[in-house]
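Work through the exercises below with the sequence and the structure side by side. Try each task before reading its solution.

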Amino acid sequence: MDQIDRKILMLIQEDSSLSLNDMAEQVHLSRNACWNRVRQMEDKGIIRARVALLDPKQLNLDLTVFISVRTNNHTSAWLERFHAAVRTLPEIIGIYRTTGDVDYLLQAVVPSMKAYDALYQRLISKVELNDVSSSFVMEEIKRTTVLPLDYA
């Protein structure tokens, strides 16, 4: 990956609706050369998808919750049930297996505390958990999907 690829990736991360002509102009390539680079990065899986980012507040999703999950059960059957359960809950937008005191950290967006409680009830009805604790975001300081490209 060279500097031109990194520039293309930064442009796509900042605005995936940018036209190919505008992108090619900004990286000083022909339209076809730019398109070939984009396609190669898609084929390699570097570019996984091009999506629109929605404003949660405009969609009545005012509350972001981080849910810490601990379990004493680490069997493959439990893991499959847990993975299946959390994937079916649309309010959960991030699922991470972690080291340390917490086994999993989930990120969810909901409109209210009442909606969070309903999500919590659905989650615990789908899979047995040892301990669940939640932290509610009071202020969002930074949220981005732009990945640093200095390490590529």
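**Exercise 1. The nonpolar cores**

Task: In this predicted model, find which residues of the largest nonpolar core touch the most other members.

Solution. Step 1: The largest nonpolar core has 18 residues, and those touching the most other members are Ile67, Phe82, Ile92, Leu106 and Leu119. Step 2: Two or more residues of this core come from each of strand 1, helix 4 (76–87), strand 3 and helix 5 (113–126). Step 3: A separate second core holds 14 residues, among them Leu11, Leu20, Met23 and Cys34. Step 4: As background, nonpolar side chains in soluble globular proteins tend to be buried together.

Task: List the residues that Phe82 touches, not counting residues up to four places away in sequence.

Solution. With those places left out, the contacts of Phe82 are Val69, Tyr104, Leu106, Val127 and Leu129.

**Exercise 2. Strand 1 and its partners**

Task: Describe how strand 1 is covered and how it pairs with strand 3 and strand 4.

Solution. Step 1: Strand 1 spans residues 63–70, and 6 of its 8 residues are buried. Step 2: Strand 3 (residues 104–110) runs antiparallel to strand 1, and 7 bridges join the two. One bridge partner to locate is Ala108 in strand 3, which pairs with Val65. Step 3: Strand 4 (residues 131–136) is also antiparallel to strand 1, with 6 bridges between them. Here Ser135 in strand 4 stands opposite Phe66.

**Exercise 3. Gln3**

Task: Is Gln3 buried or exposed, and what does its side chain contact?

Solution. Step 1: Gln3 belongs to helix 1 (residues 3–14). Step 2: The relative accessibility of Gln3 is 59%, and exposed means over 50%, so Gln3 counts as exposed. Step 3: The side chain of Gln3 makes a polar contact of 3.1 Å with the side chain of Arg6. Step 4: Gln3 and Leu149 are 146 residues apart in sequence, while their C-alpha atoms are 9.7 Å apart in space.

**Exercise 4. Positive phi values**

Task: Locate His28 and Asn60, and state the phi and the exposure of each residue.

Solution. Step 1: His28 sits in the loop between helix 2 (20–27) and helix 3 (31–43). Its phi is near 60°, a positive value in a residue other than glycine. Step 2: His28 has a relative accessible area of 72%, so it is exposed. Step 3: Asn60 is in the loop between helix 3 and strand 1. Asn60 is not a glycine, yet its phi is positive, about 65°. Step 4: The relative accessible area of Asn60 is 47%, so Asn60 is partly exposed.

Technical notes: Residues numbered from 1 in each chain as written. Predicted model: local features only at pLDDT ≥ 70, side-chain atom pairs only at ≥ 80, totals over all residues. Heavy atoms only, no water. Buried < 20%, exposed > 50% of the residue type's maximum accessible area, 1.4 Å probe, protein only. Helix = DSSP H or I, 4+ residues; strand = E, 2+ residues; numbered from the N terminus. Pairing = 2+ DSSP bridges. Polar contact = N/O pair within 3.5 Å; in protein donor to acceptor, adjacent residues only side chain to side chain. Core = buried A, V, L, I, M, F, W, Y, C linked by side-chain atoms within 4.5 Å. Contact = heavy atoms within 4.5 Å.
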